[in-house]
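Visitor: I would like to learn how to read a few features of a protein model. Please take them one at a time.

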Amino acid sequence: MRRVGMLLLVSAAMTACAAKAAPNFLNVNEADFDRRVVEEANAYRAGKGLGALQYSDRLHDIAQKHADGMRREQKLTHAGFQQRFADSGARTCVENLAAGSITAEKTVRGWIDSPGHNKNLLNPKTTYAAVAHAGPYIVYFACGF
């Protein structure tokens, strides 16, 4: 009886730890997070008289590779931007990065509050965009073709 009680206690403790062990770092529905960031950027652009950016799966693939690399290296960096730009086939591209944002709204607000990132959000030459993330690393990649 004592052995069974101890086993149940250990099992309950493991279950409680497992429930807390892997929180959703971004605290959002991850399936929607990337598109929500683009929606927030588009709402901001609309308020400034700019057209909406179309979501691009191709740009998403490029951004995802970069997000995965930053997660692997545990480093926020624009290294390799020229290669991402070339891979896009676009005439112009901009990139914003973030780490540790909780929501799409807070991610975009952080960029709005930063002059250089804000300039990228409001670039009138960009017509397509994508956002990708890996863990806490977020990549906004927008291009004009």
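Guide: We will go through salt bridges, burial, strand pairing and backbone angles in turn.

Guide: This is a predicted model, in which local features need pLDDT of at least 70 and side-chain atom pairs count only at pLDDT 80 or more, while totals for chains, interfaces and linings use all residues. Residues are numbered from 1 along each chain as its sequence is written, and side-chain values use heavy atoms, with hydrogens and water left out.

Visitor: How many salt bridges are there by the rule used here?

Guide: Side chains of opposite charge can pair when their charged atoms come close. The rule asks for a side-chain nitrogen of Lys or Arg within 4 Å of a carboxyl oxygen of Asp or Glu. By that rule the count is six.

Visitor: Which residue forms a salt bridge with Glu-39?

Guide: Arg-36 does, with the closest N and O atoms 2.9 Å apart. Both residues lie in helix α2 (residues 30-47), three residues apart, about one turn of the helix. Helices here are DSSP runs of H or I with at least four residues, strands are runs of E with at least two, and both are numbered from the N terminus. Arg-36 also meets Glu-40 in a salt bridge, again given as 2.9 Å from N to O. Arg-36 and Glu-40 are four residues apart in α2, about one turn of the helix.

Visitor: Are these side chains buried or exposed?

Guide: Buried means under 20% relative accessible area, exposed means over 50%, and partly exposed is in between, using a 1.4 Å probe and protein chains only. Glu-39 is partly exposed at 43%. Arg-36, at 28%, counts as partly exposed, and so does Glu-40 at 22%.

Visitor: Where do the partners Glu-95 and Arg-84 lie?

Guide: The side chains of Glu-95 and Arg-84 meet in a salt bridge of 2.8 Å, N to O. Glu-95 lies in strand β2 (residues 92-99) and Arg-84 in helix α4 (residues 81-88), so the pair ties together parts that are 11 residues apart in sequence. Glu-95 is buried at 5% relative accessibility, and Arg-84 is buried at 8%. Elsewhere, salt bridges that share partners join Arg-36, Glu-39, Glu-40 and Glu-105 into one network.

Visitor: Which residues of helix α5 are buried?

Guide: In α5 (residues 104-112) they are Ala-104, Thr-107, Val-108, Trp-111 and Ile-112. These residues cover an arc of only 140 degrees around the axis, which puts them on the same side of α5. The arc is taken from the directions from the helix axis to the C-beta atoms.

Visitor: In which sense do β3 and β4 pair?

Guide: Two strands pair if DSSP finds at least two bridges between them. β3 pairs with strand β4 (residues 137-144) in the antiparallel sense over seven bridges, and Ala-132 stands opposite Val-139 in β4. Strand β1 (residues 54-55) pairs with β3 in the parallel sense over two bridges, and Gln-54 stands opposite Tyr-128 in β3. Six of the seven residues of β3 (residues 128-134) are buried.

Visitor: What is the phi of Gln-74?

Guide: Most residues other than glycine have a negative phi. Gln-74 has a positive phi, near 55 degrees. Gln-74 is found in the loop between α3 (57-73) and α4, and is exposed at 59% relative accessible area. A glycine case is Gly-135, with a positive phi of about 60 degrees, in the turn of the hairpin that β3 and β4 form with two residues between them.
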